[in-house]
Protein chains: 2
Amino acid sequence: MADTADRPDFGFSLLARDGQARRGVVRTAWGDVDTPAFMPVGTAASVKAMMPNDVKGTGAQIILSNTYHLMLRPGAERVERLGGVRKLMGWDGPLLTDSGGFQVMSLGPLRKIDETGVTFKSHLDGSQHILTPEISTDIQFKLDATITMAFDECTPYPCTEQEAEESMKLSMRWAERSRSAFVARTGYGQFGIVQGSVFPHLRKRSIEALTDIGFEGYAVGGLAVGEGQELMFTTLEDTTPHLPEVAPRYLMGVGKPADIVGAVMRGIDMFDCVLPTRSGRTAQGFTRRGAVNLRNARHSEDMRPLDAECACPACTSFSRAYLHHLFRADEVQGLMLLTWHNLTYYQDLMKGLRQAISEGGLTAFAEAFHARQAEGDIEPL
Amino acid sequence: MADTADRPDFGFSLLARDGQARRGVVRTAWGDVDTPAFMPVGTAASVKAMMPNDVKGTGAQIILSNTYHLMLRPGAERVERLGGVRKLMGWDGPLLTDSGGFQVMSLGPLRKIDETGVTFKSHLDGSQHILTPEISTDIQFKLDATITMAFDECTPYPCTEQEAEESMKLSMRWAERSRSAFVARTGYGQFGIVQGSVFPHLRKRSIEALTDIGFEGYAVGGLAVGEGQELMFTTLEDTTPHLPEVAPRYLMGVGKPADIVGAVMRGIDMFDCVLPTRSGRTAQGFTRRGAVNLRNARHSEDMRPLDAECACPACTSFSRAYLHHLFRADEVQGLMLLTWHNLTYYQDLMKGLRQAISEGGLTAFAEAFHARQAEGDIEPL
């Protein structure tokens, strides 16, 4: 893709604040993203069981795709020849790609890390591959990622302070190499990733290293890896105040609705998580009154909508009884409908958060959110 | 559902003829069906991987659902309490249900046939059930089938003339019992099923028996069970001329596009088949130039549409390369898109057939159809 003069520069505008929470807009070559924002996950260049137009229809303005999966299948060069992920999958908004770091770390015995990068075997066919900061950044260029992520090591949890420090320092050296490999294009950006596990002084040093390099945005990595919500929140409280104000902040791989509400209150602008889509395939629906398992027999003759306040097709055109039947009968339509619902629920939540911040009412919004979640599901018929 | 005075009577109008082929309209309580018509299959109250509105959007005016599957799960009484299949699944057009006869016959050692009916074990949990003409008809009432099918024995192929005669006679006795059990409702109908295997005089006697009883429509059963297209066509040629003119004729379980074209030319008005939906889940796409296997590597970088003349979302918004990728990566979106395409292709074919009959150009239409199918797929890039 050639640069064009009429494409907007990549940028971030802060529109409002409410405590630590921020209401903003990320401007990209392919459209604006209102923050706080949730990015649906399209691992293999498809938001599973959804048409891209319907993803957009839920309110999503940006989606996430995956370097690791796409480099293996269909391959970065092939995706490049096909015009990039956005063109291939028919998504006309901005696209963020993760760097592959998180996935290759998860491969366990199939991977080997050294200063250069990570050598690993494909989970598909056992073929050997290597990811380095340079290779990951180049692949993300080929995928035509609007936002490229630096290649980092996601520090495992728990770990000692020394392990966390060494891992963070490696990630910072890799961040510098990622930045050097990044090819600037108008309206495109690259995010650095803060590491340092749950150690505040390491998080602070990581931020100093990243801001010295300079990125268009900053992600918080290495959280939601088993430390629990409380420790995630205190780590965020020790981290976000040190991040630059006029750049977007992205908490990677988070999370449950309550995690998102809490992280927004602690200054995070962007999120991604497989939870709404994955849960949509395992019969778990997110509602204003908490999560609901649609396989449960209590729904078998319940003609009420899953969430009466939701405007998605699953809630406006179908009943809990039908969703229950579809999941019991292993019908594809069940996961299509519940994925659609869950993505709608997440986007409605983000919309509510944005509005609350704009109006200075985030505390009340969060209280009402928690109170309704605590109510639990509607009474059985 | 109570009868209402403003609901149209069930009926069939013959609008045009072209040779043996007929252009007509089936009027039902829940809308008209232009014939020749193809009915997408929604076995378990879902046209697999499709939203009902999108099924309608392809041009389908009636769908088929399944007594056998629905009596086992979620159960006929439950479906009745939920308002019937149409209400449960959100399909506002007419619905035809098969009688369950074909499915229970296929159960092999799990079923036992006698004069009363069929005793069988559920393929889901091994529980014992019985289907008789009376029970099947009652279940279809509970499912709120707009068109109820008589309960019959689908004669296996090959079989001796004597076996075919005995089986046909049993089906005719069951047809009489099915008719007695049928509760008439305005705008609803019941179809008898012609049997007799490939023996013309048995087919003729079966039609005489069914027309003596009197049904709103007549189906041809016991074909597409292994006899091959040629024998199916000659059997149709020996059958349809004896069927009443002013009633719809339904060839059950057929078929491939060429089967449908040939059967329309031999006087058939209605079809159902799992082929477009099932093939949509196994990467086989139907096109104007024949069937295409999208898993084939030749499509991997082909940015052309599957069928350039098709207006479905798979063809207008996505490429062969993307469909190929989706099937290789086992992405649900692949089967969603290809099912949508295949149903669109089938409905486009029916629309073409209807128009050709109206204009007296069916022979030319069929020749052009076969010529294009014979061309084979577009040249690889």
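Here are some worked exercises on a predicted model with chains A and B.

**Exercise 1. The A–B interface**

Work out how many residues of chain A are in contact with chain B, and which helices of chain A supply them.

*Solution.* Start with the head count: 31 residues of chain A are in contact with 31 residues of chain B. Next, look for the helices on the chain A side. Helix 3 (76–81), helix 4 (85–89), helix 12 (313–317), helix 13 (320–328) and helix 14 (332–358) of chain A each put in at least two residues. Of these, helix 13 of chain A gives the most, with 5 residues. Finally, sort the chain A side by class: you get 18 nonpolar, 6 polar and 7 charged residues.

**Exercise 2. Two hairpins in chain A**

Trace how strand 2 of chain A pairs with strand 1 and with strand 3 of chain A, and decide whether strand 2 is largely enclosed or not.

*Solution.* Take strand 1 (residues 11–18) of chain A to begin with. It runs antiparallel to strand 2 of chain A, and 7 bridges hold the pairing. To find the register, look at A:R17, which sits opposite A:R22 in strand 2. The hairpin of strands 1 and 2 has 2 residues between the strands, and A:G19 there takes a positive phi near 65°.

Now go to the other partner. Strand 3 (residues 31–35) of chain A also pairs with strand 2 in the antiparallel sense, over 5 bridges. Here the register can be read from A:T28, which stands opposite A:G31 in strand 3. Strands 2 and 3 of chain A make a hairpin too, with 2 residues between them.

Last step, burial. In strand 2 (residues 21–28) of chain A, 6 of the 8 residues are buried, so the strand is largely enclosed by the rest of the structure.

**Exercise 3. A covered helix in chain A**

Find out which residues of helix 6 of chain A are buried, and what they pack against.

*Solution.* Helix 6 (residues 133–142) of chain A has 8 buried residues out of 10, so to speak mostly covered. The buried ones are A:P133, A:I135, A:S136, A:T137, A:I139, A:Q140, A:F141 and A:K142. Then check the neighbours: these residues pack against helix 2 (67–72), helix 3, strand 6 (95–98), strand 9 (128–131), strand 10 (147–149) and helix 7 (161–181) of chain A. Just past the helix, have a look at A:D144, which follows helix 6 with a positive phi near 65°.

**Exercise 4. A sheet in chain A**

Give the strand order of the sheet in chain A that holds strands 7, 8 and 9, and say which strands are at the edges.

*Solution.* The sheet is open, has 3 strands in the order 7-8-9, and pairs antiparallel. Strand 7 (111–113) and strand 9 of chain A are the edge strands, as each pairs on one side only. On average, neighbouring strands are turned by 15° against each other, direction ignored. For the pairing of strand 8 (residues 118–121) with strand 9 of chain A, count 4 bridges. One of the matched pairs is A:T119 with A:I130 in strand 9.

**Exercise 5. A sheet in chain B and the helix across it**

Explain why strands 1 and 3 of chain B each have one side without a neighbour in the sheet, then place helix 14 of chain B.

*Solution.* First the layout: chain B has an open sheet of 3 strands in the order 1-2-3, with antiparallel pairing. Strand 1 (11–18) and strand 3 (31–35) of chain B stand at the edges with a single partner strand each, so one side of each has no neighbour in the sheet. The twist from one strand to the next averages 15°. Strand 1 of chain B is joined to strand 2 (residues 21–28) by 7 bridges, and B:S13 has B:V25 as its bridge partner in strand 2. Now add the helix: helix 14 (residues 332–358) of chain B lies across strands 1, 2 and 3 of chain B, at about 115° to strand 2.

**Exercise 6. Two helices in chain B**

Describe how helix 10 and helix 15 of chain B cross, and name the residues that meet.

*Solution.* The axes of helix 10 (residues 257–265) and helix 15 (residues 362–375) of chain B come within 11 Å and cross at roughly 165°. That makes the two helices roughly antiparallel. The crossing is left-handed. From helix 10, B:A258, B:V261 and B:M265 meet B:L362, B:A366, B:F369 and B:Q373 of helix 15. By class, this contact has 6 nonpolar, 1 polar and no charged residues.

Terms used:
Residues are numbered from 1 along each chain as its sequence is written. Chains are lettered from A and ligands numbered from 1 in the order in which they are written. This is a predicted model: local features need pLDDT of at least 70, side-chain atom pairs count only at pLDDT 80 or more; totals for chains, interfaces and linings use all residues. Two residues are in contact if their C-beta atoms, placed from the backbone, lie within 7 Å. Ala, Val, Leu, Ile, Met, Phe, Trp, Tyr, Cys and Pro count as nonpolar, Asp, Glu, Lys and Arg as charged, and the others, Gly among them, as polar. A residue is buried if 20 or more other C-beta atoms lie within 10 Å of its own, exposed if 12 or fewer, and partly exposed in between; C-beta atoms are placed from the backbone. Two strands pair if DSSP finds at least two bridges between them. Axes are lines fitted to C-alpha atoms, for helices over the stretch in contact, and angles run from 0 to 180 degrees between N-to-C directions. Angles under 35 degrees count as roughly parallel, over 145 as roughly antiparallel, 65 to 115 as roughly perpendicular and the rest as oblique. A crossing is left-handed if the near helix is turned anticlockwise from the far one by less than a right angle, and right-handed if clockwise.
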